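Let's take a walk through a protein chain and the molecules it holds. Have a look at the picture first, and then we'll go through it step by step.

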Amino acid sequence: MKTQVCIIGGGPSGLLLSQLLHLKGIDTILLERHSREYVLGRIRAGVLEHGFAKLMREAQCSERMDREGEIHEGFFIAHDGRLDRIDLHKYSGGNSVVVYGQTELTRDLYEARERMKGNVIHNVEDVYLNDIASDAPYVTYRAGDRIVRIDCDYIVGADGFHGVSRKAIPKGILREYERVYPFGWLGVLSRTKPVSPELIYAKHERGFALCSLRSQVLSRYYIQVPLEDSVEDWSDDAFWAELKRRLPAEVAARMVTGPAIEKSIAPLRSFVAEPMRYKRLFLAGDAAHIVPPTGARGLNSAASDIYYLYHGLVDHYQKGDNQKLDGYSDKALARVWKAQRFSWWMTSLLHRFPANSPYEDKLQDTDLAYLMSSDLAKGSLAENYVGLPF
Ligand code: FAD
Ligand code: DHB
């Protein structure tokens, strides 16, 4: 087979790029290791910045998001038994975020690709990137006992943190920066009315908690747990009891609980791989960088990569102009690092760090007290949370 751009990974990054390029007449083949049902079964992001929503509109995939997604103009920070609201709209100069689940967004992208007869191949095994330093790269994969070869101009590695693409960059070229946090998030999805119409991020001496939602009948809650814990250690009752303990009493009192329809633990990690381009290979999204989920930046950072890469490839194919493509890695990394800084900061502000000294705990309390007392600090939080410009 032959294509212009071979995309590895059928998560939101790969699907969105493939859809955008298709609309500009650029041919792609997308390879996904799992089935569509498996990809849609993963419960992940819930908060989208407007830049992402805008790209979904450009990709002609926004109809359901615009109808069902909720515009949120603020969120709460719970601490010391009370709730303080961060007015995103006021402090970011009129911006907001969209609450719309990654599962739904990915489903919309798959449906659009299907409608436009996009070439999306599932259940591929043993994907290899070949000759990426040459002018004639190709990708191979195994389908049953058949090896299939795809010749292309460019390869895009959008295959997430555990994918193969990043590993194809020679060790002497790739630099990796990493911070691993000593805890994870236990997440529960439940068919219950959300405890609050807006998100609540809670700092508590027992650990962080987050009250989020997917709709007014579907709630998503998280609690900070030790890395050693597994899902089996947490019955539904134990989860609800611990979540309530970490919230102000009046919030806990109105919490509606119910059976968990999904329960999973995500470790927290900060990670960046540089550069994001090596010869004919481009990395995008979680394949190149990971943030702890606290600031809701992960998927939104993927969106800016896709934006830069999309425009670079369009200029290359339509005008023969390689300037944007050549600047991709630097441009994408500049924004990626700002998302890293913000996610690290918000994680540091709100979690309990078991190894912290009393001095460090005091500084953390003071960081929060300062935030609550300063319009400028709230402005900085709001500007980052709604998303820095692309
Ligand atoms: P992925 O979604 O990981 O997709 C990569 C795809 O590649 C997968 O489908 C995988 O199966 C496939 N693949 C892997 N290896 C191969 C291979 N060898 N061959 C072919 N295919 C392969 N972000 C936000 O912006 N806002 C939030 O509110 C938010 N909340 C989060 C909450 C949690 C609990 C977690 C875990 C994450 C959250 N994120 C959030 C982050 C967000 O989910 C990710 O950043 C996003 O999924 C990245 O998309 P991606 O397409 O780059 O990678
Ligand atoms: C969700 C996840 C986040 O990391 C976050 O900051 C906000 C919301 C969510 O899954 O709903």
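Before we start, one bit of vocabulary: a residue counts as near a molecule if its C-beta atom, placed from the backbone, lies within 6 Å of it. Keep in mind, too, that what you're looking at is a predicted model.

With that in hand, turn to ligand 1. It is surrounded by 36 residues, and the closest are G9, G11, G160, G285 and G298. Which elements give two or more residues to this shell? They are α1 (12–23), β13 (175–190) and α9 (298–319). The largest share comes from α9, with four residues. Sorted by class, the shell around ligand 1 holds 16 nonpolar, 14 polar and six charged residues.

Now step back to the whole chain. The domain assignment splits it into domain 1 (5–70 + 98–178 + 269–348) and domain 2 (181–268 + 354–386). As you can tell from the numbers, each domain is pieced together from separate stretches of the chain. Their C-alpha centres lie 28 Å apart. Where the two domains meet, twelve residues of domain 1 are in contact with 16 residues of domain 2. On the domain 1 side of that contact, you'll find five nonpolar, five polar and two charged residues.

So where does ligand 1 sit relative to these domains? Both domain 1 and domain 2 give residues to its shell, so ligand 1 lies between them.

Ligand 2 has its own set of neighbours: A45, G46, V47, L199, S212, R220, P293, T294 and A296. Five of these residues are nonpolar, three are polar and one is charged. Here, too, both domains take part, since at least three residues of the shell come from each of domain 1 and domain 2.

Finally, let's pick out a sheet. Strands of a sheet pair through backbone hydrogen bonds, either parallel or antiparallel. In this one, three strands line up in the order β3-β7-β4, forming an open sheet with antiparallel pairing. At the edges stand β3 (47–49) and β4 (70–72); each has a single partner strand, so one side of each is left without a neighbour in the sheet. Neighbouring strands here are turned by 35 degrees against each other on average, direction ignored. Zooming in on one pair, β4 and β7 (residues 97–99) are joined by three bridges and run antiparallel. Look for E70, which stands opposite V99 in β7.

Key. Residues are numbered from 1 along each chain as its sequence is written. Chains are lettered from A and ligands numbered from 1 in the order in which they are written. This is a predicted model: local features need pLDDT of at least 70, side-chain atom pairs count only at pLDDT 80 or more; totals for chains, interfaces and linings use all residues. Ala, Val, Leu, Ile, Met, Phe, Trp, Tyr, Cys and Pro count as nonpolar, Asp, Glu, Lys and Arg as charged, and the others, Gly among them, as polar. Domain bounds come from an automatic or database domain assignment. Two strands pair if DSSP finds at least two bridges between them. Axes are lines fitted to C-alpha atoms, for helices over the stretch in contact, and angles run from 0 to 180 degrees between N-to-C directions. Two residues are in contact if their C-beta atoms, placed from the backbone, lie within 7 Å.
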